[in-house]
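Work through these exercises with the structure open beside you. Try each task before you read its solution.

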Amino acid sequence: MKDILEWERVLLNELPPIFLVEVLVRSTVMFVFLLIALRITGKRGVRQLSIFETVIIIALGSAAGDPMFYEDVGILPALVVFATIILLYRVVTWLTGKSKFFEKLIEGKTVCLIHEGKFSTSEFKKETLAQDEFFSELRSKSIEHLGQIRKAYLEPSGEVSIFFYQDQEVKYGLPLLPELYYKKSKTILNAGYHSCGFCGHTEKLQPGTHKCEVCSRDEWVCSINSLRIG
C-alpha cells in the first residue's frame, strides 16, 4: 500500500487526476499566446537574435512555462507578463530606431576582427571570443589561412561576416589548420614566410629568433598561401 501511495505522489504530487486535463488546457492556451508573441516580435532566425532579443525569448519562455503545469500559477497573471514583455519590446525597439547611442547600448556594434589578413588585436581583446573558437568558426567556412581574408566582422548577432581576396590577391597568411598552427615555434629553422602565432602578422624571415613588429610576440608559424576551394 505504501508503494502505491508513493507512486501516486511521484506521478501526480497528490493532485487529482483531473488536473491533467487542466494542464492540457493551460499548455494549449500558453502555447497559442507564445506563438502570437513570437509572431509580433518578428521572423528572425534563432542564430540571428541579438542579446536583447534572446532575453525577450527567455522571458517569454519562462512566463509561458510555469502556468502550463503549476496549479498555483494562474493564466491571467502570465498573460499580463506577456503583455508587459511585448510592450517593453516595442518601446526598446522604438528607442533603438530613434537613438544611435541607445541602439549601440542594446544591440552592440559591428567589430572588425581581421584586417588585410591579420587580426585587429585591439578589437579582438575586447570581445569574449577565444582564438580557438574563432578559428573553428573560420574553418567551418572552409578557410585555411588568414591570407585568404581581406576583412572579417563580428556582427551584433554573433555571426561572422567575411570578405575574401580574389584568387590572384591571396597572400601568405597564418594557417588555421590545427596540424599546421600548433607547429608554432620561437626558433625559425628555414628562411621563408612566417606568421605571428598571436596576431597573424606575416613577413619573410631568416633562420633565428624574431619578435613580431606588431604585437612583440615571438612565436611563429610557417605561412601558407593556398587558394580557397569552392
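## Exercise 1: Cysteines

In this predicted model, the closest cysteine sulfur to that of Cys196 belongs to Cys215, at 3.4 Å, which is too far for a bond.

**Task.** Decide how many disulfides the model has, using Cys196 and Cys199 as test cases.

**Solution.**
1. Take the cut-off: the two sulfur atoms must lie within 2.5 Å.
2. Test Cys196. Its closest cysteine sulfur, in Cys215, is 3.4 Å away, so there is no bond.
3. Test Cys199. Its closest cysteine sulfur is in Cys212, 3.6 Å away, so this is also too far for a bond.
4. State the total. The count is zero disulfides.
5. Add the surroundings. Cys196 is buried at 0% relative accessible area. Cys199 is buried at 1%.

## Exercise 2: The sheet

**Task.** Give the strand order of the open sheet and name its edge strands.

**Solution.**
1. Read the order of the four strands: E2-E1-E3-E4.
2. Note the direction. The pairing is antiparallel.
3. Find the strands that pair on one side only. They are E2 (118-119) and E4 (160-164), the edge strands.
4. Look closely at one pairing. E1 (residues 111-115) is joined to E2 by two bridges.
5. Find a facing pair there. Ile114 stands opposite Phe119 in E2.
6. Recall the general rule: strands of a sheet pair through backbone hydrogen bonds.

## Exercise 3: Aromatic pairs

**Task.** Classify the ring pair Phe119 and Phe135, then the pair Tyr181 and Tyr182.

**Solution.**
1. Start with the total: six aromatic pairs.
2. Check the first pair. The ring centres of Phe119 and Phe135 are 5.9 Å apart and the planes meet at 15°, so the pair is stacked.
3. Place the partners. Phe119 is in strand E2 and Phe135 in helix H7 (residues 131-139), 16 residues apart, so the pair links distant parts of the chain.
4. Check burial. Phe119 has a relative accessible area of 7% and is buried. Phe135 is buried too, at 2%.
5. Turn to the second pair. Tyr181 and Tyr182 are 5.2 Å centre to centre, with 80° between the planes: edge-to-face. Tyr181 is buried at 3%.
6. Join the pieces. Ring pairs link Phe119, Phe134, Phe135, Tyr181 and Tyr182 into a cluster.

## Exercise 4: Charges over rings

**Task.** Which rings have Arg217 and Arg228 over their faces?

**Solution.**
1. Arg217 lies over the face of Phe198, 3.9 Å from the ring centre.
2. Arg228 lies over the face of Phe164, 3.6 Å from the ring centre.

Definitions and conventions
Residues are numbered from 1 along each chain as its sequence is written. This is a predicted model: local features need pLDDT of at least 70, side-chain atom pairs count only at pLDDT 80 or more; totals for chains, interfaces and linings use all residues. Side-chain values use heavy atoms; hydrogens and water are left out. Two strands pair if DSSP finds at least two bridges between them. Rings of Phe, Tyr and Trp (its six-membered ring) pair if their centres lie within 6.5 Å; planes under 30 degrees apart count as stacked, over 60 as edge-to-face and the rest as tilted. Buried means under 20% relative accessible area, exposed over 50%, partly exposed in between (1.4 Å probe, protein chains only). A charge sits over a ring if NZ of Lys or CZ of Arg is within 6 Å of the ring centre and within 35 degrees of the ring normal.
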